[in-house]
Amino acid sequence: MKLLRWPLRLTVLGFFGGCWLFAGIYLYLSPNLPDVETLRDVRLQTPMRVYTRDGDLIGQFGEQKRNPLTYDQIPQQFVQALLAAEDDGFFSHGGIDFGGLLRAVSELVLTGQKGSGGSTLTMQVARNYFLTLDRTFMRKFNEILLAIEIERRLSKEEIFELYVNRVFLGHRSYGFEAASQVYYGKGIGELSLAQHAMLAGIPKSPSRNNPISGPEAGKDRRNWILRRMLTLGYIDQAAYDKAVPMPVVATQHGARITLEAQYAAEMARRQMVERYGMSAYNEGYSVYTTLDGDLQQVASAAVVDGLITYDSRHGYRGPEKQLLESELAPDAPLPLQDWLATLTDTPVIAGLEPAVVTVIDDTGISVLLSNSKQARVEWEDGLRQARPYISEDRMGSAPAVPADVVALGDLIRVKLTDEGTWRFAQVPDAQAALVSLNPNNGAIVSLVGGIGFEKSKFNRATQAQRQPGSNLKPFLYSAALDAGFTAASIINDAPIVMQDRSLEGVWRPENDSGKFFGPTRLRWALTKSRNLVSIRLLQQLGIRRFINYADQLGFDTEDFAPDLSLALGTHAMNPLEIAGAYAILANGGYRVEPFLIERIDNLAGEEVFQARPPTVCQDCDDNSTNTGGGDSGEELSMEEILSAQEDALPAPERVMDERVNFIVNSILQDVIKEGTGRRALVLKRDDLSGKTGTTNGPMDAWFSGYNPDVVTTTWVGFDNYTPLGRREFGGTAALPIWINYMREALAGLPENPRKLPPGISYVRIDPETGLLATSDQRNAIFEYFRNENLPAEGEGDGAGPKGTDELIQEIF
């Protein structure tokens, strides 16, 4: 008995000593422990997602992919797989598995190496949310104490939720729902038993056990978990036998982008960072833009088709690369694996796939695609038309055989047609942009910043500063009408030679045609885009007066050069600025600011921002808020009126006289009916207005046009400011893109003719003089005038102008 007394005493003393030691450590560490209550309010780092107004995902931004789940959303089968893998006693212990801890300590003492571990799910939550990953005894004690405290404060389901949503699972995914999307492209509720077990095995070694980086190690871990599930009674033998042979099939999935609008998505990202700082990336914001998903797709296709059509007029520039370093021996095999590696690293741009030429014969070529498959391109499918490029103005002779176009090992582009055949192609060097707005509030309906974000992330819709050329002329003519000129004012279209230091000496501007047409009415001068008339008009109006008027419209005039070249649109602007200015012409004279973000929701789905843009009310008198009783004739109470005023969107500022706006719009309708925009007649609408623009070179081609419902600007040019070709103009390069887009943008919309505003008269004039016509003059035409700017009485038939009411009856 005496021999047993000392071991017993030592055991008791050791027990109490351990308790005292544990208590001491607790008293030492507990004041510095973080507050467990903060777990209830923890904000998981969830990426920002950007959508169209229809709900199509166009972008996801954030360093970590995370999709939080509630416990009720977690499949029970996956819960069991995770318990089998990490902590099958989770729902029964108090946060600490003492048996597991003792086993881990004994393995460490006996082998000198870390063995099976002893951390429960609760301890892992404590570590993931509060502690570092340093492997120290002090950190382990903190982990144990925090686990005990977490178990006191939170339910088992809450703790399980926290673990499932926080743990790192490789490939920048945090949480099992995010990992499910990354590895399998679908939610965790859609996975099989084998896939659940595969995911449950990743936390032990995220880089080694995930199904992409370590499929074999991941499979071994998966099958071990399946055996544990069978042993624990979570699954039966049949389920086990079915799951174990399943192959490991996983590929990395990015954000599930449902619509390509990367330029607009990047704009939204920038604006969110400006608004919220770096927290924009991880607070889980949902950003709803003003983009129309269907029209955005139309806009992208119109830009791509327009550039490919332009490119086809200028010849084939040759392969992007030549992958054969030297000629092969006749029987030598092609280095297909090396070529596949190059193809994999070469992005698809605008649907044009990279391909390497592997066979050339008399009827066509065979090419290797990035998916390892071979494709056939026949002679008639683009090869025969591939005349060699010499310059933007010249092409070489047409090829006679495919070998005249390509060589073995050429890296080229091919496009799959709607008929399922492959067509020879090349990525255009030229670039383009398209911006489409709702003119009544400035909402960006569509935006394309180039042929492809994969080729260049530079957004030409917002970042390219290009000369608008004649696209700016409608605003010069608006300023002139506002100053008292009329659409019938006569200005001489004649040569100008000026000494101007700001324009580098002698300046001899010309019309595009190189001809001069003598005395010309302003309406006809703008319709035909006569440069010399515009210069003389600016000269008579006064440069400072025009700059002040442009500033009133909203142009940034700080850098406007105070010289006559302004009449030809020499001040560089971006397409979004031009579209915003044309919105003034489209909406009747109100300034609206283009905007992209319609609404922002936080992670909880609560609205934290709603755009309230100044909005034109076309049915309101003086564009004021309509708070009357409507057609019912009922009187509204004061409370109802105040509520309506509070809900009403703010009114925009009128920056252009309504009558000036009407007259300029009527001239821009003539641009389409009989001027430089005649190609748009193919749309067969009478409510379209627009203006071409072409700069010296020509280096820039523009078309901006609208009806009262949609305003769209298109631009085409080279990033390096080289000429487009002497036969390229706004009407040939930019207008076809505008037409293809507006055909769909206006589909189903009824024609929306302008209402004649008060204070305008429609009188017969002599087209040669702009004065009132005589009663018997056969070549007389009608023209609109503001009442205070009518031609003098007595110079025509003396009948006087027609008033507004009489004019409406006669015309409409």
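**Group meeting talk: a sheet, some helices and two buried side chains**

Okay, let's start with the sheet. In this predicted model, five strands make an open sheet in the order E2-E1-E5-E21-E22, and the pairing is mixed. Which strands sit at the edges? Those are strand E2, residues 57-61, and strand E22, residues 607-610, and each of them pairs on one side only. If you look along the sheet, the twist from one strand to the next averages 15 degrees.

Let's zoom in on one pair. Strand E1 covers residues 48-51 and strand E5 covers residues 286-289, and these two pair in the parallel sense over 3 bridges. If you want a spot to click on, try Val50: its bridge partner in E5 is Val287.

Now, what lies across this sheet? That's helix H12, residues 262-276, which lies across E1, E2, E5, E21 and E22. Against strand E21, residues 597-601, H12 runs at about 60 degrees.

Let me step back for a second, to the whole chain. The protein chain has 812 residues, and 50% of them are buried. There are 24 helices and 28 strands in it. And here's one about contacts: take those in the chain with a separation of 6 or more, and 69% of them are between residues 24 or more positions apart.

Next up, two helices that pack together. Helix H16 is residues 473-482 and helix H18 is residues 531-541; their axes are 10 Å apart, and the packing angle is about 40 degrees. How do we describe that angle? Roughly parallel would need an angle under 35 degrees, and roughly perpendicular starts at 65, so H16 and H18 count as oblique to each other. The crossing of H16 past H18 is left-handed. On the H16 side, the contact is made by Lys473, Leu476, Tyr477, Ala479 and Ala480. On the H18 side, you'll find Asn531, Val533, Ser534, Leu537, Leu538 and Leu541. Sort the residues of that contact by type and you get 8 nonpolar, 2 polar and 1 charged.

While we're on helices, a handy bit of background: an α-helix has 3.6 residues a turn, so residues three or four places apart point the same way.

Okay, moving on to a single residue, Tyr310. You'll find Tyr310 in helix H13, residues 293-312. Buried or exposed? The relative accessible area of Tyr310 is 2%, and the cut-off for buried is under 20%, so Tyr310 is buried. Which residues does Tyr310 touch, not counting those up to four places away in sequence? They are Glu392, Ala430, Phe718, Leu724 and Glu728. Also, have a look at Val716: along the chain, Val716 and Tyr310 are 406 residues apart, but their C-alpha atoms are separated by 9.4 Å.

Last stop: helix H7, residues 176-184. H7 is mostly covered, with 9 of its 9 residues buried. Among the buried residues in H7 are Phe176, Glu177, Gln181 and Tyr184. Just after H7 comes Gly185, which takes a positive phi of about 70 degrees.

Keep Tyr184 in mind, though, and go to Gln195 in helix H8, residues 193-200. Leaving aside neighbours within four places in sequence, Gln195 is in contact with Tyr184 and Lys186. The relative accessible area of Gln195 is 18%, and with buried meaning under 20%, Gln195 is therefore buried too.

That's my tour, thanks for listening!

Key: Residues numbered from 1 in each chain as written. Predicted model: local features only at pLDDT ≥ 70, side-chain atom pairs only at ≥ 80, totals over all residues. Heavy atoms only, no water. Pairing = 2+ DSSP bridges. Helix = DSSP H or I, 4+ residues; strand = E, 2+ residues; numbered from the N terminus. Axes fitted to C-alpha atoms, helices over the stretch in contact; angles between N-to-C directions. Contact = heavy atoms within 4.5 Å. Parallel < 35°, antiparallel > 145°, perpendicular 65-115°, else oblique. Left-handed = near helix turned anticlockwise from the far one by under 90°. Nonpolar A, V, L, I, M, F, W, Y, C, P; charged D, E, K, R; others polar. Buried < 20%, exposed > 50% of the residue type's maximum accessible area, 1.4 Å probe, protein only.
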